[in-house]
Amino acid sequence: MSPEAPGTGAPSPAEEGARSAHPLRDLVPAAAGAALAVGAFVLTLGIPVREGLTQIGPRWWPEVLSGALLLLAVLLVAGTLRKRSAKAVAADTDIPDPATREGAWRLVAMLGSILGYGVLWYFVDFRVSTALLFAALTWIGGGRGWKALLLFPVVVTTVLHLLFGVLLRVPL
Amino acid sequence: MRPTFFKLAAVATGAVLLTAGCADRGGVTEDSSEYPSEDVTLVVPYDAGGASDLAARTLAAEMEETLGQSIIVENRSGGAGSVGLEYLAGRPADGYTIGYLPVETVMLGHQGYDVDPADYDLIGQMVSVPATVAVPADSPYETLDDLVEAAKEDPGSITVSNSGAGSIWEAATTELGNATGSEFKPVPFDGGAPAVTAAVGGQVDAVVAGISETAPSHSEGQLRVLAVFDSEPSESLPDVQTAAEQGVDVTIGGWGGIGAPAGLPEDVLQKLEEAFAAAADSEEFTTIISDSGNIPVNVPAAEYAQFVEDEHKRFGELLGNQD
Amino acid sequence: MSPIVEGFGALLDPTILLCIGAGALLGMLVGAFPGVTATMAVALASSFTLALDPLPGLAVLLTIYVSSNFGDRVPAILVNTPGTPASIATTFDGYAMARKGQAGLALTASAFASAWGTVVGLVLLMVAAIPLSRLALNFGPAEMFALVVFGLTMMIGVSGGKIVKGLMAGALGLLLGAVGRDPITGTPRFTFGIPELSDGVPFIAAIIGLFGIAEVLNQILTHRRGHKVEPIKEFGRWFPNKRDWRTMLKPLAVGSGVGGVVGIVPATGGDIAGILGWDQARRVSKRPDRFGKGSLEGITAADTSSNATLGGSVTTTLALGLPGDSVMAVMIGSMVVWGIQPGPSLFTNQPDLVYSIAGIMLIATVVALLASIMRMRGVAKLLELPQHFLWAVILVFCMVGTYAVSNNVFDVGVMLVLGLVGLFLKRFGIPPGPVVLGLILGSLAEGNLRRALEIGGPANILTSPIAVGLLLVSLLALVGPPVRTALRNRRAKKALETPAP
């Protein structure tokens, strides 16, 4: 979307590869797809098959799918290598915005606080833990001041509690 | 916009602080003779909106009147009902969590799930859903005997739809085959309604489903119910004989009752049993259950416990090969 | 004529209009909330509507059903999160339009398209319920399998030009759809002994993760301080102008047709219809390349089609007594308790009731449309929040909404994991549409194929004219476009070889 705008954090090398029309943009998904296909196939072999009236057993469909996925991964690699040799690397139309190092930390911190919330939720009342999570997420996202860190969490938590706890009677 | 926002926020802050203050619900070590002194939770192991959910909610509303406390219905679905049942078994046995126990309580343990009826104190059974077997309206099979004969002649050629692999209706199909020495081919669908639709549309030779699912199509003339697998004829299908009346001695079907995590204090259990019996007898409950096409019953705890034990053994034999 | 007058006349009662108002409010709210579906809202509402008389009760439930299919478009367009599965296809173009600064137009066009689709479905219900429901009965496992195969050919369409990557995404979705107990034998597959997985990957959690959460995670990853990534402060113009209306005409027609048919087929609903309508409109469009990149045609077709299924579902429900979708399954439960027995005899015994039901839904459509248009500006203000508020709200609201589906933390975990998977797909330019398509259609494809084979072997499929016809159409859909491109290329080559005079 945006051009190489000078930002605060420098893009990491891996991300650099991911966003330019670099072969890694095709090779990484191909490798992931192949790994998934092989993994699924191995798991498929563990599915017990009972003799019964059924025409085709429970293994058939996952086997077909993992085979198809592996084939597609190979096709993707072949296509990428051919494109490269022909030096016709077309500009990818929707290269995502570059990730920033700051962004990566932010992402990890937010996921971490969500995990922490999951643990906290078992011990503390929903209203308290959720307000804390809102405050944490807002702080990590860059919000500062009492309105962002105190008022906002309390207001949205109340909305959630009223809608789910009171109106829909969800056991929160 | 601004001023109202802050006013709202101030009110909201107050509300949250207030509720958070009295939120400490855990650690109740009160005398059980005062039971119930707070809300009771009723776990339903299925999504809101189904027949089980309706039965549980209706009963809960009636039990509230005897107990004098609110009963909050919690739907915890997933894993064919095992998620909710396991959750119930793991709750403290203090009477503040009770649950709806469907026939799957005695089946899932034989199908690889971690569900055992011994984990529950049984309070009572309130609903019964006898199995029925039905054929399309234009089917050549006029009686249960016709259908069984056809299945004997060419084993595995008679297709019978049911609501899903491992369901009570699939088990009922197998049981019918075992009892008559014939072999049907069960075809599991994704839910009871598609299974009945397949029979109405003539895609399968017959369907085995609960009475509330087949009776409406029977009275509309889209299906012909051949037999009800119950000990006595049903009010909603007065013209249909039971299987036993037609010489096939099979009673099978779904049922629902109320239970609690095993180990309830004696006086709590007694209070729950009383509340249950009053609710299951109430006109509000029996009317809604009969209107929805199922059969309201009121089986007391001891009898229900014996029944559950027998059913658990029975399905162990019926489903044994699936372990 | 008189049943129409009686049926519609019964609705003039102010109580009923009040019930419609309450239902519309509730429906819009739950529709807009990711995770909370119309089924859940109707199920919970039915526990207190049972105390009402049948007509006011039906007014509440049917209005929730209709208006939640308006409300769910709002988060789909504004934050790329489908409010309910029916608005999956809305995200394809709606969110892209919003990012281009056309959020206003997207919201209004979506509301008009949804209203139009609902009305078309209802007209079908009123004029042809009985014959249409007979048609539905012809859809057994063999025919369903063929229809699903046709649906799978759409994977190419929703791949957005990256066919190999799109198909890989589709295979991933199909594999996710294979998780759970085998549909015929009940054997557990890929469940790792987790009971929650034995019913399959929770669908609503999966789509919220793949669309909404993945988008938020991507923004978190790429946002730069002081650099506005989100341009959705611009709403553009709100009402479609004359040219827009002309553009919307064809997709409105295509969407109505597709949605009407899909609605009648049992066990298929707005989620499939939306994607199918979107893809068919793309095939007949003059600008197919713009689909998925903010096409007004795309959002119009998707929303018309997904809402045209409502009438079809009600038709199957009332005319056969068999639920047309999960919401109607819940509603049948209430109707039976009220002493209304849906089925063919309803049309002969109580024809006025059928018209009352259609009338309630028509009024609900108008109310929902008006509310959508009037209230949009307020809702859209949400996006003027600074990004740190927006991220926190989307993340937590999606988590709580997903939890509420079955009161299970496991679903929330699935949503977050698929959010990360979605982020991976996004970073490597893999379209998420085919994953969802695979997840919806995978178990339907396998289950119905194997059911059809159980019933009558391969002959069961090959002797059904509907199934064979649909399979041929699927083949054409697969082979057609490459052949056409090849022909065009050859013609272009010839034109080049012929020297210009």
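**Figure 1. Helices and strands share chain B of this predicted model.** Let us start with a simple inventory: chain B has 11 helices and 10 strands. Of its 323 residues, 56% count as buried. Now take the contacts in chain B between residues at least 6 apart in sequence: 74% of them join residues at least 24 apart. The mean pLDDT of chain B is 88, and 89% of its residues reach 70 or more. Residues 1-29 of chain B are a stretch to view with care, with a pLDDT below 50 and 17 contacts in the model beyond near neighbours in sequence. Where pLDDT is low, the predicted coordinates should not be read in detail.

**Figure 2. A cis peptide bond sits before P36 of chain B.** Zoom in on the bond from Y35(B) to P36(B), which is cis, with omega near -10°. Where along the chain is P36(B)? P36(B) lies in a loop of chain B, with helix 1 (2-21) on one side and strand 1 (40-44) on the other.

**Figure 3. Two domains of chain B meet.** The domain assignment splits chain B into domain 1 (38-128 + 254-322) and domain 2 (129-252). Notice that domain 1 of chain B is written as two pieces of sequence, 38-128 and 254-322. The C-alpha centres of the two domains of chain B are 26 Å apart. Where they touch, 16 residues of domain 1 of chain B are in contact with 13 residues of domain 2 of chain B. On the domain 1 side, strand 4 (120-136), strand 9 (253-261) and helix 11 (301-319) of chain B each supply at least two residues. Helix 11 of chain B makes the largest contribution to that side, with three residues. By class, the domain 1 side has 10 nonpolar residues, six polar and no charged.

**Figure 4. Chain A is a run of helices.** What does the secondary structure of chain A come to? There are six helices and zero strands in chain A, and from the N terminus on the order reads α-α-α-α-α-α. Among the 172 residues of chain A, 33% are buried. For contacts in chain A with a separation of 6 or more, 60% come from residues 24 or more positions apart. An unreviewed UniProt entry annotates residues 27-48, 60-82, 103-124 and 148-168 of chain A as "transmembrane region". You can look at two of these spans in the model itself. Residues 103-124 of chain A are 95% helix and 0% strand, and their end C-alpha atoms lie 30 Å apart. Residues 148-168 of chain A are also 95% helix and 0% strand, with end C-alpha atoms 28 Å apart.

**Figure 5. Chain C and chain A come into contact.** This contact takes 50 residues from chain C and 58 residues from chain A. Which elements of chain C give two or more residues to its side? They are helix 10 (163-178), helix 11 (203-222), helix 18 (387-406), helix 19 (409-427) and helix 20 (433-462) of chain C. Helix 18 of chain C gives the largest share of that side, 10 residues. Sorted by class, the chain C side has 29 nonpolar, 11 polar and 10 charged residues.

**Figure 6. V42 of chain C is a hub in the largest nonpolar core.** The largest nonpolar core has 311 residues, and the ones with the most contacts inside it are V207(B), V42(C), F145(C) and M168(C). Helix 7 (residues 103-137) of chain C gives the most to this core, with 18 residues. Leaving aside residues up to four places away in sequence, V42(C) touches L61(C), I64(C), Y65(C), V327(C), V330(C) and M331(C).

**Figure 7. N80 and F192 of chain C have positive phi values.** Neither residue is a glycine: phi is near 65° for N80(C) and near 50° for F192(C). N80(C) is in the loop between helix 5 (73-79) and helix 6 (88-99) of chain C, while F192(C) is in the loop between strand 2 (188-189) and helix 11 of chain C. Is each one buried or exposed? N80(C) counts as buried because 26 other C-beta atoms lie within 10 Å, and the cut-off for buried is 20 or more. F192(C) has 8 other C-beta atoms within 10 Å, so F192(C) counts as exposed, the cut-off here being 12 or fewer.

How values were computed
Residues numbered from 1 in each chain as written. Chains lettered and ligands numbered in written order. Predicted model: local features only at pLDDT ≥ 70, side-chain atom pairs only at ≥ 80, totals over all residues. Contact = placed C-beta atoms within 7 Å. Helix = DSSP H or I, 4+ residues; strand = E, 2+ residues; numbered from the N terminus. Nonpolar A, V, L, I, M, F, W, Y, C, P; charged D, E, K, R; others polar. UniProt positions renumbered as here; feature names shortened; annotations may be inferred. Domains from an automatic or database assignment. Core = buried A, V, L, I, M, F, W, Y, C linked by C-beta atoms within 7 Å. pLDDT = per-residue confidence, 0-100.
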